[in-house]
Amino acid sequence: MIHDANAWIVRMLLLAAAAIILMLGFLVCADVIGRTVFNSPVKGTPEMVSMSIVIICFLLAGYAVQSGGMIYTDAAVRIFGKRGRAFAQLASAVLGILFFGLIVWGSVEPTIHAIVSGEYEGEGALRVPAWPARVSVLVGSALVVFTYVLIGISAAARLATGRAEPDLRPQTHL
């Protein structure tokens, strides 16, 4: 049940990232056409693109972990057997929890500051608020930590029992 709820949230963030990518494509096309045809680019495009890239990356991070798309050497792990694979997954989960946990820990204060102070990027024609990117880093990293916790619990149980590894990746396709 928790795995299903986590998978649903991860898929919704995947859809949000896809929508942002689509809108970003239209923005970049409009900017290029504006620059070449009308000699007038869309104001604030570099700021919006740079913020969007950060948002997209952290919206997709949970899906990358849950789907097994993070760095994983399948060939090396296969030779270890069931317990070896479980240990490798557990070690990977612990390292992922530590890494993304540090990102969460380091992102809380800057995120609060960006929201409270009205921090923005860009000068002149368009000022892009910084809080959406900061919130996506915080929320995306927290979701990755939670996903790694679920993976770690499952791997620890398999390590203790020696059972085969269940496929926890999302089974439904968008």
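**Exercise 1. Take Arg 35 in this predicted model: work out how exposed it is and which residue it pairs with.**

Start with the area: Arg 35 has 46% relative accessibility. Partly exposed covers the range between 20% and 50%, so Arg 35 counts as partly exposed.

Next, look for the partner. Arg 35 forms a salt bridge with Asp 31, and their closest N and O atoms are 3.1 Å apart. That sits within the 4 Å cut-off.

Now check the partner's surroundings. Asp 31 has a relative accessible area of 8%, so it is buried. Finally, place the pair: both residues lie in helix α1 (residues 2–37), four residues apart, or about one turn of the helix.

**Exercise 2. Find out how many salt bridges a search of the whole structure gives, and place the one formed by Glu 119.**

The search comes back with two salt bridges. Besides the Asp 31 pair, there's one between Glu 119 and Arg 134, with the closest N and O atoms 3.1 Å apart. This pair links distant parts of the chain: Glu 119 is in the loop between α4 (81–117) and β1 (120–121), while Arg 134 belongs to helix α5 (residues 131–161), 15 residues apart. As for exposure, Arg 134 has a relative accessible area of 31%, so it's partly exposed.

**Exercise 3. Track down the largest nonpolar core and say which elements build it.**

A bit of background helps: in soluble globular proteins, nonpolar side chains tend to be buried together.

Begin with the count. The largest core here has 13 residues, and Met 51 and Leu 59 have the most contacts inside it. Then go to the elements: α1, α2 (45–66) and α5 each give two or more residues to this core. The biggest share comes from α1, with five residues.

Zoom in on Leu 59 next. Leaving aside residues up to four places away in sequence, Leu 59 touches Leu 13, Leu 14, Ala 16, Ala 17 and Ile 20. There's also a second, separate core of ten residues, including Leu 138, Val 145, Tyr 148 and Ile 151.

**Exercise 4. Sketch the overall layout: which elements are there, and in what order?**

Count up five helices and two strands. Reading from the N terminus, the order is α-α-α-α-β-β-α.

Then add the whole-protein numbers. Of the 174 residues, 33% count as buried. Among contacts between residues at least 6 apart in sequence, 78% join residues at least 24 apart. The accessible surface comes to about 10,700 Å², and carbon and sulfur atoms account for 71% of that.

Terms used. Residues numbered from 1 in each chain as written. Predicted model: local features only at pLDDT ≥ 70, side-chain atom pairs only at ≥ 80, totals over all residues. Heavy atoms only, no water. Salt bridge = Lys/Arg side-chain N within 4 Å of Asp/Glu carboxyl O. Buried < 20%, exposed > 50% of the residue type's maximum accessible area, 1.4 Å probe, protein only. Core = buried A, V, L, I, M, F, W, Y, C linked by side-chain atoms within 4.5 Å. Contact = heavy atoms within 4.5 Å. Areas by Shrake-Rupley, 256 points an atom, 1.4 Å probe, with all protein chains shown as cover.
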